[in-house]
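Here are a few short exercises to work through with the model open beside you. Try each task before you read its solution.

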Protein chains: 2
Amino acid sequence: MPKFKLPPRLPFRRLGLAGLGLIGGSLVKAFMPFGGLEISVFDNNPETVREAGRIKRLARVTSDPDEFLSWPLDLAYLCLPVKRNVEMVARMGRAGVPYPVTDSGSTKGPITEAALAAGLNFCGGHPIAGKEVAGFRHSTADLIRGCLFLLTPDERFGPRQKELLGRLKNFHELLGCRIRLVSPAEHDRIYGLISHLPYVTASALAGTAMAKGAPDILSWVGTGFKDTTRVGASPPLKWVEVAMENSANISGFIGDLIETLTGLQTAIAQKNEPELTRMLTEISAFRRLLAKD
Amino acid sequence: MPKFKLPPRLPFRRLGLAGLGLIGGSLVKAFMPFGGLEISVFDNNPETVREAGRIKRLARVTSDPDEFLSWPLDLAYLCLPVKRNVEMVARMGRAGVPYPVTDSGSTKGPITEAALAAGLNFCGGHPIAGKEVAGFRHSTADLIRGCLFLLTPDERFGPRQKELLGRLKNFHELLGCRIRLVSPAEHDRIYGLISHLPYVTASALAGTAMAKGAPDILSWVGTGFKDTTRVGASPPLKWVEVAMENSANISGFIGDLIETLTGLQTAIAQKNEPELTRMLTEISAFRRLLAKD
């Protein structure tokens, strides 16, 4: 690209991002090529801050939350673990920050309530992108580019959120993301079912293999076990926080899963071949609606 | 390779393979390069037989089981669905075939019993290789080459099985397979836990998403749901037969899984963060023992 080309119209010029983990790091790397965007970052971990300090393209780097709160920003982007995002929102309310705030957490209900209570201009976000590894060193711009990106507005924030929502939409479209809107409550129900429940399921399956077959059992496994348990290898602390924040949805869906499993178990134990065939044929046809990847 | 090089010492010269599906087709394609090996195949499906008939390297191709049984062979290799493998073994017993028999099915108990009852010289096998698609058109030599390959001897067959076992070991080592021996009963327990249970689990998870979120839910999913349910896309008929043959192991392990899920559900519903952290930390450490793939 020639140097004199006009930069894209940026909806925000001064971005302050908190939390340089897998998602925060990937967002920073994806936004870095945009000239005219001033990116400053905060992370609790001094080691990560040292690493980020070597990136010349970043305007400011700190491990001090008070310093983060003192920066002049057009947007604060919270990518901390979900519980600390909520704490930061409360802190921003007390500090009376003048700029709008978004986040990238996997649950949207609690942070939305916290931002309302704090009187912030806030709209949550959630990139549908992940790996079973965590941390800045695994982050990559390609994790975010082109992903499904959810924005979770809530009418109670009033008209200034509508304006923020439009700018957040434009901002993430710069990364090729496909934007969808969904309410925080509906988000937490949907992702309780198709993200948090799969994590719990993969973990329960790995845990059952551990209980019934450890330590030798892993030496026998093929791709079926590996695929089905893969997300169970994720660092658990993120998921524990998600489970605490979305506990009603998740525990309800675990109950639904147990009901489905019990139906399959009954058909298998009774050697009811027609019933098992009926159930599995319907399910496999449904699953095959998903494009191969 | 120069043409005058001596071929490898083949433990069998005339191979008759029944069932040109994903595994049977992949075995044929993997063995085809070995000069001096005469390969004949039987498949029930006339369309598959027509396709296989275009492969010049095959000595004989038929869709007639009586013709298959009339061929002079050094080894019969059964790769039909598991229930039809068992039927074929009984039929071979009635026909009094003089050659040894092996199979590639996912369950080893029932066919071993059937082969004993039929008076055959038999030793079961199981390549740990699979895809969530079936059929000859998806078969490939690389699916088998280098895979973990189980042989499942049983003392009740006596000394002639020992000799067969040695030859089967050498035969599959030609494909770079890593051979392990395990009894039929232990095989069915192990693979009930790490192959059949993951399939049931993936299906139950997809079925729960279908029941609670269809038809829109699939438009929201990310890699976690895709990975965890991937084997649930498999054609169900194979798995129904496997579940019927290994029903006691599988239904028992579903019970163990439900117990694990209930433990996680309780910790989540009660927002017992320390207990959930303890459980998930232990499980994720166990799962991470598996090498990345």
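**Exercise 1. Which domains does the assignment give for chain A, and how many residues does each put into their contact?**

Start with the bounds, which come from an automatic or database domain assignment: domain 1 of chain A is 14-182 and domain 2 is 187-287. This is a predicted model, where local features need pLDDT of at least 70, side-chain atom pairs count only at pLDDT 80 or more, and totals for chains, interfaces and linings use all residues. Residues are numbered from 1 along each chain as its sequence is written, and chains are lettered from A and ligands numbered from 1 in the order in which they are written.

Next, count contacts (C-beta atoms, placed from the backbone, within 7 Å): 14 residues come from domain 1 of chain A and 15 from domain 2 of chain A.

**Exercise 2. Which strands pair with β7(A), and in what sense?**

Take strands as DSSP runs of E, at least two residues, numbered from the N terminus; helices are runs of H or I, at least four. Pairing needs at least two DSSP bridges.

- β6 (124-128) of chain A pairs with β7(A) in the antiparallel sense over five bridges; here Gly124(A) stands opposite Thr152(A).
- β8 (178-181) of chain A runs parallel to β7(A), joined by four bridges; Leu151(A) has Leu181(A) as its bridge partner.

Finally, trace the chain from β7(A) through helix α7 (159-173) of chain A to β8(A): this β-α-β crossover is right-handed (clockwise from the first strand over the helix to the second, with the strands pointing away from the viewer).

Technical notes
Contact = placed C-beta atoms within 7 Å.
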